[in-house]
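This report goes through the strands, a helix and the pockets of one protein model. The sequence and the structure come before the description.

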Amino acid sequence: MSAIPKDFGPLSRTSPFTDLLGPIHEKRAASGLVIGMLAEKKHCNARGIVHGGVLGTLADIAMGYSSAFSTEPPTPMVTTSQTMDYVGKAEEGDWIEVHTDVQKVGRSTAFANCYFHIDARRIARASAIFSVIA
């Protein structure tokens with residue numbers, strides 16, 4: 001079983017849903033916010049693989065938080081569209097990191113991509129469009 005890297009701390013912005021899903025961790029890197037989670041049995045499907053919906057939720061959190069907090073003050077936004085491509089798998093005990101690339105935060109929309117890694121292995125990618133709300 002992997003351990004939580006020492007440079008990660010608890011997710012600074014939580015909700016009842018993220019508390020249920022988590023624990024979720026974060027670190028600030030030169031490239032922006034990195035989200036991490038240690039895969040537990042509760043995250044897995046009947047085959048012992050982390051459920052795609054868990055990864056989709058982590059993508060939404062990573063891209064939404066990264067996009068919103070890339071501006072000062074943070075830009076309020078909601079997810080309009082999200083796509084996921086799965087190219088590998090995560091299993092119980094894997095440390096999953098989500099690295100986000102914010103493309104643009106405009107007056108009405110924002111665009112971001114993220115990439116999921118277990119060590120150096122990429123297991124998924126996602127992209128999203130967000131609507132900026134007033």
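Two strands count as paired if DSSP finds at least two bridges between them. The model described here is predicted.

**The sheet**

Seven strands make up an open sheet, and their order across it is 1-2-3-5-6-7-4. The pairing in this sheet is antiparallel. The edges are taken by strand 1 (9-10) and strand 4, each of which has a single partner strand, so one side of each is left without a neighbour in the sheet. In general, strands of a sheet pair through backbone hydrogen bonds, in either a parallel or an antiparallel way.

The table gives four of the strand pairs, with one pair of opposite residues for each.

| Strand pair | Bridges | Residues opposite each other |
|---|---|---|
| Strand 2 (residues 25-29) and strand 3 | five bridges | Alanine 29 and glycine 32 |
| Strand 5 and strand 6 | eight bridges | Valine 105 and alanine 110 |
| Strand 6 (residues 109-118) and strand 7 | ten bridges | Asparagine 113 and serine 127 |
| Strand 4 (residues 77-86) and strand 7 (residues 121-132) | nine bridges | Serine 81 and isoleucine 129 |

Strand 6 takes part in two hairpins. With strand 5 it forms a hairpin that has three residues between the strands. With strand 7 it forms a hairpin that has two residues between the strands, and aspartate 119 in that turn has a positive phi of about 55 degrees. Phenylalanine 116 also has a bridge partner in strand 7, namely alanine 124.

How many of the ten residues of strand 6 are buried? Seven of them are, so strand 6 is largely enclosed by the rest of the structure. Buried here means a relative accessible area under 20%.

**Two residues of helix 2**

Helix 2 spans residues 52-68, and methionine 63 is found in it. Is methionine 63 buried or exposed? Its relative accessible area is 0%, so methionine 63 is buried. Leaving aside neighbours within four places in sequence, methionine 63 is in contact with Gln82, Thr100, Ala112, Asn113, Cys114, Ala126, Ser127, Ala128 and Phe130. Among these contacts are Asn113 and Ser127, which stand opposite each other in the pairing of strand 6 with strand 7. Methionine 63 and isoleucine 129 are 66 residues apart along the chain, yet their C-alpha atoms are separated by 9.2 Å. Isoleucine 129 is the residue of strand 7 that stands opposite serine 81.

Serine 66 also has its place in helix 2. With a relative accessible area of 9%, serine 66 is buried, because that value is under the 20% limit. A polar atom of its side chain lies 2.8 Å from the backbone oxygen of alanine 62. Not counting residues up to four places away in sequence, serine 66 touches Leu33, Ile61, Thr100 and Val102. Thr100 is thus on the contact lists of both methionine 63 and serine 66.

**The pockets**

The largest pocket holds about 260 Å³ of space. Its lining has 14 residues, and those that lie nearest its centre are Arg13, Gly64, Tyr65, Ala68 and Met77. Helix 2 and strand 4 each supply at least two residues of this lining. Which element gives the largest share of the lining of the largest pocket? Helix 2 does, with five residues. By class, the lining of the largest pocket has nine nonpolar, three polar and two charged residues.

The second largest pocket has a volume of about 160 Å³. The residues that line it are Arg28, Ser31, Gly32, Leu33, Tyr65, Ser66, Phe69, Ser70, Thr100, Asp101 and Val102. Two or more of these residues come from each of strand 3 (32-38), helix 2 and strand 5 (95-105). Strand 5 gives the largest share, three residues. The lining of the second largest pocket divides into four nonpolar, five polar and two charged residues.

Some residues of this lining have appeared above. Serine 66 is part of it, and so are Leu33, Thr100 and Val102, which serine 66 touches. Gly32 is in the lining too, and glycine 32 is the residue of strand 3 that stands opposite alanine 29. Tyr65 is listed for the second largest pocket and is also among the residues nearest the centre of the largest pocket.

Methods
Residues are numbered from 1 along each chain as its sequence is written. This is a predicted model: local features need pLDDT of at least 70, side-chain atom pairs count only at pLDDT 80 or more; totals for chains, interfaces and linings use all residues. Side-chain values use heavy atoms; hydrogens and water are left out. Helices (H or I, at least four residues) and strands (E, at least two) are DSSP runs, numbered from the N terminus. Buried means under 20% relative accessible area, exposed over 50%, partly exposed in between (1.4 Å probe, protein chains only). Contact means heavy atoms within 4.5 Å. A polar contact is a pair of N or O atoms within 3.5 Å; within protein, one must be able to donate a hydrogen and the other to accept it, and residues adjacent in sequence count only if both atoms are side-chain atoms. On a 1 Å grid over the protein atoms alone, a cavity is a set of points where a 1.4 Å probe fits but cannot get out, and a pocket is an open set with protein on both sides within 12 Å along at least five of seven lines; lining residues have an atom within 4 Å of a point. Grid points are joined across faces, edges and corners, and a volume is the space filled by probe spheres set on the points. Ala, Val, Leu, Ile, Met, Phe, Trp, Tyr, Cys and Pro count as nonpolar, Asp, Glu, Lys and Arg as charged, and the others, Gly among them, as polar.
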